[in-house]
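Dear colleague,

Please find below the structure that I am handing over to you. My notes on what was found in it follow.

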Amino acid sequence: NNDIYACTFAGKIYKQTNGMGSFYNIGEPTRNYISLTSDLNNNIYIAEGANNSMGGSSGYLYKQTNSIGAFNQMDTTLLSWTGIVWDRITGDLYCSSFYAIYKFVGGTGTAINLGVSFGGFSSTLAICRTILFCACANSWQGLQGIYSLYLNSLGLPNLNVGNLKQKG
């Protein structure tokens, strides 16, 4: 809808209407907002970080439906989120926590652990076509990197040990 959202850690959520003018505080409680994304239905999702070294004490996901009203908590398990991204091909929501990547099918339900661990602080997420990218850092061991995970998105062959036959 051309609105632009921004968030701050130990702060607020801000909005710029129709991509013009100043950003204004939309009135949500002060939380450790760390990352946000939107889907094709104008739903806004925001991840709350929970790193005590940065002053955090919780870490949930919140959703605003159709860019209207309050952000409502959508998960019940404290997972200390660090990143969030919407997959426009599959319609799924991907979230990173300190040591794992999770998926919410259709942006709802319970977080599904994808069994992916990079051994460090999984952070920013990005999707390019069918590949999920994750920036990862482990300051205790001096490690950092960008990792990728192939997502079997709709419209792509998933052979599951089968054969793909194409005719031209």
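**A buried glycine and its surroundings**

G59 has a relative accessibility of 0% and therefore counts as buried. Please keep in mind throughout that the model is predicted. G59 belongs to the loop that runs between β5 (44-48) and β6 (61-64). Its C-alpha atom lies 8.9 Å from that of R31, although the two residues are 28 apart in sequence.

G59 also appears among the contacts of D75, a residue of the loop between β7 and β8. Once neighbours within four places in sequence are set aside, D75 is in contact with G59, Y60, L61, W81 and F104. Two of these contacts can be described further. The side chain of D75 reaches the backbone nitrogen of L61 at 2.8 Å, and it makes a polar contact of 2.9 Å with the side chain of W81.

Does D75 count as buried or exposed, and which side chain of opposite charge is nearest to it? D75 is buried and has no salt bridge. The nearest side chain of opposite charge is that of R31, at 9.8 Å. Since a salt bridge requires the nitrogen and the carboxyl oxygen to be within 4 Å, the distance of 9.8 Å does not qualify.

**The aromatic residues**

W81, which D75 touches, leads to the next topic. The whole structure contains three aromatic pairs. One of them is formed by W81 and Y102, which meet edge-to-face, with 5.5 Å from centre to centre and 85° between the planes. This pair links distant parts of the chain: W81 is in the loop between β7 (72-73) and β8, Y102 is in strand β10, and 21 residues separate them. Both partners are buried, for W81 has a relative accessibility of 0% and Y102 has a relative accessible area of 12%. Together with F104, W81 and Y102 form one aromatic cluster.

**The four-stranded sheet**

Strand β10 is part of an open sheet of four strands, arranged in the order β8-β9-β10-β11 with antiparallel pairing. The strands at the edges are β8 (83-87) and β11 (112-113), each of which pairs on one side only.

Where does the partner of β8 lie, and how many bridges join the two? The partner is β9 (residues 92-96), and the antiparallel pairing runs over five bridges. Within it, V85 has Y94 as its bridge partner, and W86 stands opposite L93. Four residues lie between the strands of this hairpin, in which G91 takes a positive phi near 80°.

Although β8 is an edge strand, five of its five residues are buried, so the strand is largely enclosed by the rest of the structure. Its residues point in two directions: G83, V85 and D87 one way, I84 and W86 the other, and all are buried.

**The salt bridges**

Side chains of opposite charge can pair when their charged atoms come close. How many salt bridges does the structure hold? There are two.

One joins the side chains of D92 and K103, at 3.7 Å from N to O. It connects distant parts of the chain, with D92 in strand β9 and K103 in strand β10 (residues 101-104), eleven residues apart. D92 is buried, with a relative accessible area of 8%.

The other joins the side chains of K15 and D3, at 3.3 Å from N to O. Here too the pair links distant parts of the chain: K15 is in strand β2 (residues 13-16) and D3 is in the segment before β1 (4-7), twelve residues apart. K15 is likewise buried, with a relative accessible area of 11%.

**The strands around K15**

Strand β2, which holds K15, pairs with β1 in the antiparallel sense over four bridges. In this pairing, A6 stands opposite Y14 in β2. The hairpin of β1 and β2 has five residues between the strands, and A10 takes a positive phi near 55° there.

Strand β2 is also joined to strand β3 (residues 24-25), with which it runs antiparallel over two bridges. Here K15 stands opposite Y24 in β3. K15 thus has a place both in this strand pairing and in the salt bridge with D3.

Yours sincerely

Conventions. Residues numbered from 1 in each chain as written. Predicted model: local features only at pLDDT ≥ 70, side-chain atom pairs only at ≥ 80, totals over all residues. Heavy atoms only, no water. Pairing = 2+ DSSP bridges. Buried < 20%, exposed > 50% of the residue type's maximum accessible area, 1.4 Å probe, protein only. Phe/Tyr/Trp six-rings, centres within 6.5 Å; stacked < 30°, edge-to-face > 60°. Lys, Arg positive; Asp, Glu negative; His and termini not counted. Polar contact = N/O pair within 3.5 Å; in protein donor to acceptor, adjacent residues only side chain to side chain. Contact = heavy atoms within 4.5 Å.
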